[in-house]
Amino acid sequence: LKHYAGGRGPMLRLNNEFMYLAYDLARAGGVKTGYHGELYENAYWEDALGIYQPKNHQAAMDSVQIWTRWWNRLEQNGTKMLFIPAPSKAIHRPENLPNLSQPNANYHWLKTHAPQANKHVLDVQSWFDQAADSAKFPLIPKHGIHWSYYGEQLFLDSLLKRMESLGLKGLPELQFKGMESSHWARFRDDDLEKGMNLIFNRKDE
């Protein structure tokens with residue numbers, strides 16, 4: 001009866017909407033609500049707390065040595081590996097996460113040690129953080145998990161140029177044919193909000 005009673009779907013959405021409006025709680029698994037309506041995927045929040053960092057210095061150095069061996073072997077075989085730390089929303093906008101004054105994410109450890117193992121690094125996280133105030137549109141959407149479609153296009157353009165600088169030929173050329181602006185997120189730019197199964201759509205930046 002609990003699962004098959006008529007109207008269960010609308011009632012669930014009503015309950016989700018009420019809990020979000022009244023208590024700022026997301027009833028969807030893996031979603032964490034931040035300040036100013038910001039939504040985060042829980043794994044990124046946990047990473048910002050440093051939960052996934054190596055347990056000790058020796059474990060960290062062991063990882064660096066493994067990376068170094070693999071990357072050197074690839075270089076010897078004529079293959080170049082480009083290491084790309086993808087941007088995390090919890091690091092990009094930590095000010096909207098409750099009880100987090102300074103992220104202690106895996107990224108900060110990787111940023112220190114990865115260049116020791118591989119000279120080819122494209123640090124998208126740092127680039128996004130520096131460009132946050134000057135970007136025309138959000139690089140990471142307010143109600144989405146990952147980078148926005150706008151941020152993806154900027155990254156792809158830089159990635160192609162970086163790959164060309166490493167000697168790759170015949171790569172596709174990226175062409176922008178205009179941009180449509182909207183205060184309402186589309187596609188996966190609001191995938192977290194869609195997963196919350198709410199009644200009303202939220203306005204985005």
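## A guided look at the fold

Guide: Of this protein's 205 residues, 37% count as buried, where buried means under 20% relative accessible area, exposed over 50% and partly exposed in between (1.4 Å probe, protein chains only). This is a predicted model, so local features need pLDDT of at least 70, side-chain atom pairs count only at pLDDT 80 or more, and totals for chains, interfaces and linings use all residues. Residues are numbered from 1 along each chain as its sequence is written, and side-chain values use heavy atoms, leaving out hydrogens and water.

Visitor: What makes up the secondary structure here?

Guide: Eight helices and two strands. Those are DSSP runs, numbered from the N terminus: H or I with at least four residues for helices, E with at least two for strands. Along the sequence the pattern reads α-β-β-α-α-α-α-α-α-α.

Visitor: How do you know that the span of helix α1 agrees with what it should be?

Guide: The expected span is 1.5 Å times one less than the number of residues. Helix α1 has 16 residues (8-23), so it should span 22 Å, and its end C-alpha atoms are indeed 22 Å apart.

Visitor: Why do we say the buried residues of α1 line one face of the helix?

Guide: The buried ones are Asn-16, Glu-17, Met-19 and Tyr-20. Seen down the axis, they fall within an arc of 165 degrees, so they line one face; that arc is taken from the directions from the helix axis to the C-beta atoms. They pack against β1 (31-33) and β2 (39-41), and contact means heavy atoms within 4.5 Å. Turned away from the buried side are the exposed Pro-10, Met-11, Leu-21 and Tyr-23.

Visitor: What makes a set of residues a nonpolar core?

Guide: The set has to be buried Ala, Val, Leu, Ile, Met, Phe, Trp, Tyr and Cys residues, joined through side-chain atoms within 4.5 Å. The largest one has twelve residues, among them Leu-82, Phe-128, Trp-147 and Leu-166. Helices α6 (124-131) and α7 (149-165) each give it two or more residues. A second, separate core has eight residues, including Tyr-20, Ala-26, Leu-39 and Leu-192. In soluble globular proteins, nonpolar side chains tend to be buried together.

Visitor: Why is Phe-176 called partly exposed?

Guide: Its relative accessible area is 48%. Partly exposed lies between the 20% and 50% cut-offs, so Phe-176 earns the label. You'll find Phe-176 in the loop between α7 and α8 (191-195).
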